[in-house]
Amino acid sequence: MGNNTHVFLLKTEDIVHPSDYMEIDMDGTKFLLLFGRNMKRLRNSQNLSLRQMATRCNIDYSDIGKIEKGNRNIQMSTVLELSKGLGVHPKELFDFEFEWKPGDFE
């Protein structure tokens, strides 16, 4: 990590291991993957199946699976629905570690 690097910390270590820490790529693919892993961790911690989660947040279970695999980029309204389904504050869905440099997005 160099100067001007921002790090967001993960509260639990069961989702991202130190070897998984990565810089965000320009199209956000790695960010989507980390978001999905964190969402899956939250879902599994409540012993929810994809179908149960889908019922709670009115999102198709196959779409939830795609989000968890990092294959689906979602809107902010979907983040809110997912957080409702998990019974967590939306910020908890973004509670994972990644590195980025401010110049990466200019």
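Trainee: Which residue follows helix 2, and what is the sign of its phi?

Mentor: This is a predicted model, in which local features need pLDDT of at least 70, side-chain atom pairs count only at pLDDT 80 or more, and totals for chains, interfaces and linings use all residues. Residues are numbered from 1 along each chain as its sequence is written, and side-chain values use heavy atoms, with hydrogens and water left out. Helices here are DSSP runs of H or I with at least four residues, strands are runs of E with at least two, and both are numbered from the N terminus. The residue that follows helix 2 is asparagine 58, and its phi, near 55°, is positive.

Trainee: Which residues of helix 2 are buried, and where do they lie around the axis?

Mentor: Buried means under 20% relative accessible area, exposed means over 50%, and partly exposed lies in between, with a 1.4 Å probe and protein chains only. Arg51 and Thr55 are exposed on the other side of helix 2. The buried residues are Met53, Ala54 and Cys57; the arc they cover, taken from the directions from the helix axis to the C-beta atoms, is only 100°, which puts them on the same side of helix 2.

Trainee: Why does alanine 54 count as buried?

Mentor: Alanine 54 is found in helix 2, and leaving aside its neighbours within four places in sequence, it is in contact (heavy atoms within 4.5 Å) with Ile59, Asp60, Tyr61 and Ile64. Alanine 54 counts as buried because its relative accessibility is 12%.

Trainee: How far apart in space are alanine 54 and glycine 85?

Mentor: In sequence, alanine 54 and glycine 85 are 31 residues apart. From C-alpha to C-alpha, however, their separation in space is 7.7 Å.

Trainee: How are helix 2 and helix 3 oriented to each other?

Mentor: Axes are lines fitted to C-alpha atoms, for helices over the stretch in contact, and angles run from 0 to 180 degrees between N-to-C directions. Helix 2 (residues 50-57) and helix 3 (residues 61-68) pack at an angle of about 110°, with their axes 8 Å apart. Angles under 35 degrees count as roughly parallel, over 145 as roughly antiparallel, 65 to 115 as roughly perpendicular and the rest as oblique, and therefore these two helices are roughly perpendicular.

Trainee: Which residues of helix 3 are buried, and what covers them?

Mentor: The buried residues of helix 3 are Ile64, Gly65, Ile67 and Glu68. Seen down the axis of helix 3, they fall within an arc of 160°, so they line one face of the helix. What covers them includes helix 1 (29-45), helix 2 and helix 4 (76-86).

Trainee: Which helix supplies the largest share of the largest nonpolar core?

Mentor: A nonpolar core is a set of buried Ala, Val, Leu, Ile, Met, Phe, Trp, Tyr and Cys residues joined through side-chain atoms within 4.5 Å. Of the 18 residues in the largest one, those that touch the most other members include Met53, Ile64 and Leu93. Helix 1, helix 2, helix 3 and helix 4 each supply at least two residues of this core, but the largest share, four residues, comes from helix 1.

Trainee: What pattern does the chain follow along its sequence?

Mentor: There are four helices and two strands in the chain. Read along the sequence, the pattern is β-α-α-α-α-β.
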